[in-house]
Amino acid sequence: MIMLKENKILNPELAKNVNADLLPTDERIMDPLSYGASFMGGCVSIGTFSMGASLIGALTVAQAIIAMCIGCAVIAVALVLIGNCGHKYGVPFTVQARSSFGFAGLKIPGFMRGIPAIVWFGFQSWVGAGAINSCLKILFGFSNMPIVFALFTILQVALAIKGFKEIKWLENVSCVFIIGILIYMLYVVNTKFAGQIGNAFSGIKGTWGMPFWAATTSFLGIYATMIVNASDYSRNLKEKTGPAATGSIYTLAILPVTLFMGLIGLLVTAATGNADPVVVFSTTMNSKVLTILTLAFIAFAQVTTNVLNNIVPPAYVLVESFNMKWSWATIIVGALSVVVMPWRLVTAQSAAGLSLFTRFYSAFLGPIFAVMVVDYYILRKQTLDVNDLYDKDHTPFKGINWAAVIAIVVGSAVSCLVMDLSWYISLIPTGVVYYLLMKYAHFGNIDNFRKGTIFDTADASAEEAA
């Protein structure tokens, strides 16, 4: 068995040689209310519009609502499971992953988490810039998407550079009116396009089969990236907040926003044939004031989501992998978000493609989730020594944990057999393979495995020889 030793205090001598952005949190700046507000603001994703649009022709409105609820419930539970480590020990995802993947191996889950975030950052920045551009055109007759997009991306990067204290302020302010505007948008869609919506859904019988469960995967997949790096957020939550309270916070923050945005995307696209909410709300409102208000909300929503969910995680990965400063990491993330050519992702033809992309990367993020859960809860019994997570020279987590890599390969291969359920079906194969390899195959030297040193076979053999 792995020897368990708990220690939450990092040796000051070790701390001197660690990037300050990766050190355990010394100040918990978010109370439960503030934490919930952050998640509510961070979950206002335009991608949810697209996921809703992709359900047209497959599900009834009632089935779509149930699918969203199931997806959100799974998300809340998964966030609690992964985020417990960060909340308990104050460490970010890239440090937490060292215990299951090793110091070198953590780059694998890091980049698998970072790439989808950058794609979504670019996608949502382009949509937000489109909303701003439409406002400028209405007010001043000015229209220049490339310039607006560039400035909008720079603004988001600048906000993220300030770190979580500024993010907390931004998300708390946004929470004040997010739900109100979403209710208004849904009301407008349902009243203005009532006839078209009724016709669009009149012949749809729906199904409780594969398309229904694929829909839950799509909505779950939007947050599958956020699940993996839950510790990046939970490490800032006040320490006395228990798992039940944290799960309630996630549910109350994520569910209403997802329901409103998913339904708006579904109904708008069914009525107009256009999956881009910016185009719909900039061309169908009868009031200039209401049009500008709605478009401004869409733009602001992208800021709150991108800063929390799509800049912070890949920035941590870059800080960890290349030992760079936080400011440079966020700038590079912004630059990469342009490279993905988001203007090609917002077309009506891309709604189905984005849904497929979401399910595809979920096939890899589900296995990462499974490895981390089995490692932390079953093998380590929620017990870690933070010194082992930071001491590169004497840690038991040197190198790459090939048990985790093999488990991810197996889980991803299985999940790709049924892409529509990728996240779900990857969990059990991955978890079982990882557990068996760690417990019985003894990756590394068997004696060192019993002590918890399971990652570096070469070092273990050298110690034995000595």
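G90, just after helix α4, adopts a positive phi of about 75 degrees. The model is predicted: local features need pLDDT of at least 70 and side-chain atom pairs pLDDT 80 or more, whereas totals for chains, interfaces and linings use all residues. Residues are numbered from 1 along each chain as its sequence is written, and side-chain values use heavy atoms, with hydrogens and water left out.

Helix α4 covers residues 61-89, and its 29 residues should span 42 Å at 1.5 Å a residue (1.5 Å times one less than the number of residues). The end C-alpha atoms of α4 are 43 Å apart, which agrees. A kink of about 40 degrees is centred on G83 in α4, the bend being the angle between axes fitted to the seven residues ending at a residue and the seven starting there.

T241 occupies the loop between α12 (231-234) and α13 (243-272). T241 is buried, at a relative accessible area of 8% (buried means under 20%, with a 1.4 Å probe and protein chains only). The T241 side chain reaches the backbone oxygen of K238 at 3.1 Å. Beyond neighbours within four places in sequence, T241 contacts P32, H87, T246 and I249 (heavy atoms within 4.5 Å).

The protein chain as a whole is summarised below.

| Property of the protein chain | Value |
|---|---|
| Secondary structure (DSSP runs: helices H or I, at least four residues; strands E, at least two) | 22 helices, zero strands |
| Buried residues | 58% of the 466 residues |
| Contacts joining residues at least 24 apart, among those between residues at least 6 apart in sequence | 86% |
| Exposed area (Shrake-Rupley method, 1.4 Å probe) | about 18,000 Å² |
| Share of exposed area from carbon and sulfur atoms | 67% |

Notes
Buried means under 20% relative accessible area, exposed over 50%, partly exposed in between (1.4 Å probe, protein chains only). A polar contact is a pair of N or O atoms within 3.5 Å; within protein, one must be able to donate a hydrogen and the other to accept it, and residues adjacent in sequence count only if both atoms are side-chain atoms.
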